[in-house]
Amino acid sequence: MASTGAKFIVTLILASVMVMTPCSATVYTVGDTSGWALGSDYSTWTSGKTFKVGDSLVFNYGSGHTVDEVSASDYSTCTTGNSITSDSSGATTIALKTAGKHYFICGVAGHCGSGMKVQVTVAAGSSEGSSPTTTPSGSGSGSGSGSSTPAATNTPAVKTPSSTSSESSSGTSVSVFVSSLLVAWVALYVSVVC
Ligand SMILES: [Cu+2]
């Protein structure tokens, strides 16, 4: 049935969207409920977290702080004044657009040295993950033994008046083929996005 195949494909698309939604982007609140403040240990906060390209960091803080993205050397020495970016709005969202390490400090004198510094390692969007393995379904089987006819490629669906079981099975195999193509495409897309 065509409607069954269409429902199956729609279900696959919906399922793939549900799979892709949580893996596409994660928003991390730096320090969680403590926010961006003195007295927090941000190396503890980053431990166990995996940051990816597309994720973002949200810094929540009161007045008297800033969020400065700095270089590695400025991070280690708590040097202010060479910031790549700086914000003091109280709610800073940093989109992690590139892979590698990103360093953030508070630019107020003394705060970085007192612990207001955080570095995150951002992984590339696509890891060399599992390539989707396409299993070739044994289509075309069912021909008898010893038939050496070479015209077995892409037989068009001809409506034969005699209701044979091969007609419905060919329709099913076509929808399965299209579905497996879709699954392979979704798997490839997910592996690129995640
Ligand atoms: Cu500060």
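This passage describes the secondary structure, the two open sheets and the largest nonpolar core of a predicted model.

The secondary structure of the chain comprises 4 helices and 8 strands, and, when read along the sequence, these elements follow the pattern α-β-α-β-β-β-α-β-β-β-β-α. Of the 194 residues of the chain, 13% count as buried. Among the contacts between residues at least 6 apart in sequence, 72% join residues that are at least 24 apart.

One open sheet consists of 5 strands, arranged in the order β2-β8-β7-β4-β5 with mixed pairing. Its edge strands are β2, which covers residues 51-52, and β5, which covers residues 85-87, and each of these pairs on one side only. Within this sheet, β4 and β7 pair in the antiparallel sense over 3 bridges, and D68 stands opposite I105 in β7.

Another open sheet contains 3 strands in the order β1-β3-β6, and its pairing is likewise mixed. The edge strands here are β1 (27-29) and β6 (91-95), each of which pairs on one side only, and the twist from one strand to the next averages 20 degrees. The strands β3 and β6 run antiparallel and are joined by 5 bridges, with L57 standing opposite I94 in β6. In general, the strands of a sheet pair through backbone hydrogen bonds, in either a parallel or an antiparallel manner.

The largest nonpolar core has 16 residues, and those with the most contacts inside it are V30, W36, L57, F59, I105 and M116. The elements that give two or more residues to this core are β3 (56-60), β4 (67-70), β7 (100-105) and β8 (117-123). Of these, β3 belongs to the sheet of 3 strands, whereas β4, β7 and β8 belong to the sheet of 5 strands. Two of the core residues with the most contacts also appear in the strand pairings described above, since L57 is the residue opposite I94 and I105 is the residue opposite D68. In soluble globular proteins, nonpolar side chains tend to be buried together.

The surroundings of V30, one of the residues with the most contacts inside the core, can be given in further detail. When its neighbours within four places in sequence are left aside, V30 is in contact with W36, Y42, W45, L57, V58, F59 and V118. Among these partners, W36, L57 and F59 are themselves listed with the residues that have the most contacts inside the core.

Notes: Residues are numbered from 1 along each chain as its sequence is written. This is a predicted model: local features need pLDDT of at least 70, side-chain atom pairs count only at pLDDT 80 or more; totals for chains, interfaces and linings use all residues. A nonpolar core is a set of buried Ala, Val, Leu, Ile, Met, Phe, Trp, Tyr and Cys residues joined through C-beta atoms within 7 Å. A residue is buried if 20 or more other C-beta atoms lie within 10 Å of its own, exposed if 12 or fewer, and partly exposed in between; C-beta atoms are placed from the backbone. Two residues are in contact if their C-beta atoms, placed from the backbone, lie within 7 Å. Two strands pair if DSSP finds at least two bridges between them. Axes are lines fitted to C-alpha atoms, for helices over the stretch in contact, and angles run from 0 to 180 degrees between N-to-C directions.
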